Amino acid sequence: MSPSLPPPLNVASLPVKGRGIVRAIHAPEGQAALVQQLGDLGFLQGEAVTVLRHGWLGGDPILVRVGGATYALRRAEAQCIEVDQAA
């Protein structure tokens with residue numbers, strides 16, 4: 001019996017001040033352009049991401065820093081960015 005793997009993390013699941021390293025971007029079906037858009041903003045494999053703040057109502061939007069830039073992402077966008085938790 002193999003140990004179960006933890007579910008993959010995404011930017012939306014990180015707590016405030018949580019850090020992650022971008023592993024991949026997975027766009028919902030029919031939204032392939034989202035991968036390119038997030039990549040153009042700097043969400044590239046290996047980049048560090050830090051969650052700065054969650055919106056008050058429902059946690060939307062999520063304020064994140066990647067590289068030297070800060071962005072407000074919708075929860076649906078943040079869920080597309082798979083990360084490995086960083087120390």
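Let's start at the hairpin of β4 and β5, where two residues sit between the strands and Gly 67 takes a positive phi near 60°. Please keep in mind as we go that this is a predicted model. The two strands of that hairpin run antiparallel, and five bridges join them. If you want a pair to locate on your screens, take Ile 62, which stands opposite Leu 73 in β5.

While we're here, have a look at Arg 65. This residue belongs to strand β4, residues 62–66. Is Arg 65 buried, exposed or partly exposed? With a relative accessible area of 39%, Arg 65 is partly exposed. Setting aside neighbours within four places in sequence, Arg 65 is in contact with Ala 48, Val 49, Thr 50, Leu 52 and Thr 70. With Thr 70 there is also a side-chain polar contact, at 3.1 Å. And in case anyone is tempted to link Arg 65 with Asp 40, the two are 25 residues apart along the chain, and 14 Å separates their C-alpha atoms.

Now let's step back to the sheet. It is an open sheet of six strands in the order β1-β6-β2-β3-β4-β5, with antiparallel pairing. The edges are held by β1 (9–10) and β5, each with a single partner strand, so one side of each is left without a neighbour in the sheet.

At the β1 edge, the partner is β6: the two strands run antiparallel and are joined by two bridges. Which residue in β6 is the bridge partner of Asn 10? That is Glu 82, found in strand β6, residues 81–85. Here's a residue I'd like you to click on, because Glu 82 counts as buried, with a relative accessible area of 13%. Its contacts, again leaving aside neighbours within four places in sequence, are Pro 8, Leu 9, Asn 10, Ile 21, Val 22, Arg 23, Ala 24 and His 26.

Next, the aromatics. How many aromatic pairs are there? The count comes to one. The pair is Phe 43 with Tyr 71, and it is tilted because the ring centres are 6.1 Å apart and the planes meet at 50°, which falls between the 30 and 60 degree limits for stacked and edge-to-face. Phe 43 lies in the loop between α1 (33–41) and β3 (48–54), while Tyr 71 is in β5 (residues 69–73), so the pair ties together parts that are 28 residues apart in sequence. As for their surroundings, Phe 43 counts as buried at 1% relative accessibility, whereas Tyr 71 is partly exposed at 22%.

Let me finish with the whole protein. There are two helices and six strands, and from the N terminus on the elements run β-β-α-β-β-β-α-β. Among contacts between residues at least 6 apart in sequence, 59% join residues at least 24 apart.

What about overall dimensions? The C-alpha atoms fill a box of roughly 40 × 30 × 25 Å along the principal axes. The radius of gyration is 13 Å, which agrees with the value near 12 Å for a compact globule of 87 residues. Of those 87 residues, 31% count as buried. And on the outside, the protein exposes about 5700 Å², with carbon and sulfur atoms supplying 56% of it.

Thanks, everyone!

Methods. Residues numbered from 1 in each chain as written. Predicted model: local features only at pLDDT ≥ 70, side-chain atom pairs only at ≥ 80, totals over all residues. Heavy atoms only, no water. Phe/Tyr/Trp six-rings, centres within 6.5 Å; stacked < 30°, edge-to-face > 60°. Helix = DSSP H or I, 4+ residues; strand = E, 2+ residues; numbered from the N terminus. Buried < 20%, exposed > 50% of the residue type's maximum accessible area, 1.4 Å probe, protein only. Contact = heavy atoms within 4.5 Å. Polar contact = N/O pair within 3.5 Å; in protein donor to acceptor, adjacent residues only side chain to side chain. Pairing = 2+ DSSP bridges. Rg over C-alpha atoms; globule rule 2.2 N^0.38 Å. Areas by Shrake-Rupley, 256 points an atom, 1.4 Å probe, with all protein chains shown as cover.
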